[in-house]
Amino acid sequence: MTDLLGELSAAGVAIWLDDLSRTRLSSGGLDQLRREKHLVGVTSNPTIFAKALSDADEYNWQLKDLAIRGVDVEESVRMLTTYDVRWACDVMRPAYDASAGVDGRVSIEVDPRLAHETEKTVAEAGALWWLIDRPNLFIKIPATEAGLPAITATLAQGISVNVTLIFGLDRYSQVMEAFLAGLEQAKANGHDLSKIGSVASFFVSRVDSEVDKRLEKIGSDEAKALRGKAAVANARLAYERYGKVFSSDRWQALADAGAHPQRPLWASTSTKNPDYRDVIYVEELIAPGTVNTMPESVIHAYADHGETRGDTITGAYDEARKVFTDLESVGVDMSDVIATLEREGVEKFEASWLELLDGVRKSLTAAAQGTGAPNKAAKGNAQAAEQAGGNA
């Protein structure tokens, strides 16, 4: 049989999993994906954790211990989630070692309620870094206005960063600037740049969801013909900007000091519209030096029928620009689309975090009372969180 995921990996795409749970860890499922499906990274988010904690009995013993010790809810969430991420880092360590520290990374997000508070974000990033204490960790920081200086400050401390919730091109340029500044400060601070990693998580399918909704409302034939084109065009133009920044003299000076580039990571790659091909956000975004983080269902779908047609990005910049011109001509304001998506992205992760806290609070109460299967008390909350936020 043809190894379709192997072809994708050979084309320069790092395959990451957009999911994490203790069941996946304890069953050996994550390690199996690493060994058999070319998996070289893992991402998590508040929604993923909310679902994981509601679905598995593996958390019961830890919830009981936390309840006996009287640990508060927020610290309990920290203990539960960092336990899983630390374990996942150990599972992915072979990929980290084999790639000289480029891959094998596992991401954990700072409290999304801090998205608009720079100093608290930096402090939270540092706390998660020393608590998990694994070199192949990524701390996820949202690309909000307050997040940008937090990204620079965190990198300056030698902490690896996954910048999340990037939707627009101008914000992406600011993210790359924050990355370069952070590495320059890290170098000045005496850190080994070869040990610092970073990716920039550029969200894909959510762009189509928002733009398509607006095109449907416009309702003209010209508008409807543009459905399903905005997200790929947006990501392709992001890669064009990536190419310019990471071929600059400024970057070369950092590369000469051992730095690795901040790779663009395609997030939100599950197809939300059933009319679209289920692997469209993988097939249409293949280029060297990229990461694609997928739900397991998309990984298996690509393994079954994905088509690796070489680089599907760099030759399509003019086509992507035309899509943007056409969207503007039919009345779609992309700047408003991006602003809406960033605002909603933060709000959804905040909602998921609150649902996670509420679910763990109920589970701790159940554990303290000895009512059994305490994590099941969180199930309804986690389902609500999943509906609100969805995977990345």
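This dialogue walks through a pocket, a core and two backbone angles in a predicted model.

Trainee: How should I begin to read a pocket, and what volume does the largest pocket have here?

Mentor: Rolling a probe the size of a water molecule over the atoms shows where empty space is left. In this model, the volume of the largest pocket comes to about 270 Å³, and among the residues that line it are Asp170, Arg171, Phe324 and Met334. Helix 10 (169-188), helix 13 (230-245) and helix 18 (334-369) are the elements that give two or more residues to that lining, and helix 10 provides the largest share, four residues.

Trainee: How do the residues of that lining divide into nonpolar, polar and charged?

Mentor: Five are nonpolar, four are polar and three are charged.

Trainee: What about the core, and which residues touch the most other members of the largest nonpolar core?

Mentor: In soluble globular proteins, nonpolar side chains tend to be buried together. The largest nonpolar core here has 127 residues, and those touching the most other members include Leu30, Val85 and Met334, while helix 18 gives the most to this core, with twelve residues. If neighbours within four places in sequence are left aside, the contacts of Leu30 include Leu17, Leu39, Val91 and Met92.

Trainee: Where do His38 and Leu165 lie, and is each buried, exposed or partly exposed?

Mentor: His38, which has a positive phi near 60° without being a glycine, sits in the loop between helix 3 (29-36) and strand 2 (39-43) and is partly exposed, at 29% relative accessible area. Leu165, also not a glycine, has a positive phi of about 60°, but this residue belongs to strand 5 (residues 161-166) and is buried, because its relative accessible area is 2%, and buried means under 20%.

Terms used: Residues are numbered from 1 along each chain as its sequence is written. This is a predicted model: local features need pLDDT of at least 70, side-chain atom pairs count only at pLDDT 80 or more; totals for chains, interfaces and linings use all residues. Side-chain values use heavy atoms; hydrogens and water are left out. On a 1 Å grid over the protein atoms alone, a cavity is a set of points where a 1.4 Å probe fits but cannot get out, and a pocket is an open set with protein on both sides within 12 Å along at least five of seven lines; lining residues have an atom within 4 Å of a point. Grid points are joined across faces, edges and corners, and a volume is the space filled by probe spheres set on the points. Ala, Val, Leu, Ile, Met, Phe, Trp, Tyr, Cys and Pro count as nonpolar, Asp, Glu, Lys and Arg as charged, and the others, Gly among them, as polar. A nonpolar core is a set of buried Ala, Val, Leu, Ile, Met, Phe, Trp, Tyr and Cys residues joined through side-chain atoms within 4.5 Å. Buried means under 20% relative accessible area, exposed over 50%, partly exposed in between (1.4 Å probe, protein chains only). Contact means heavy atoms within 4.5 Å.
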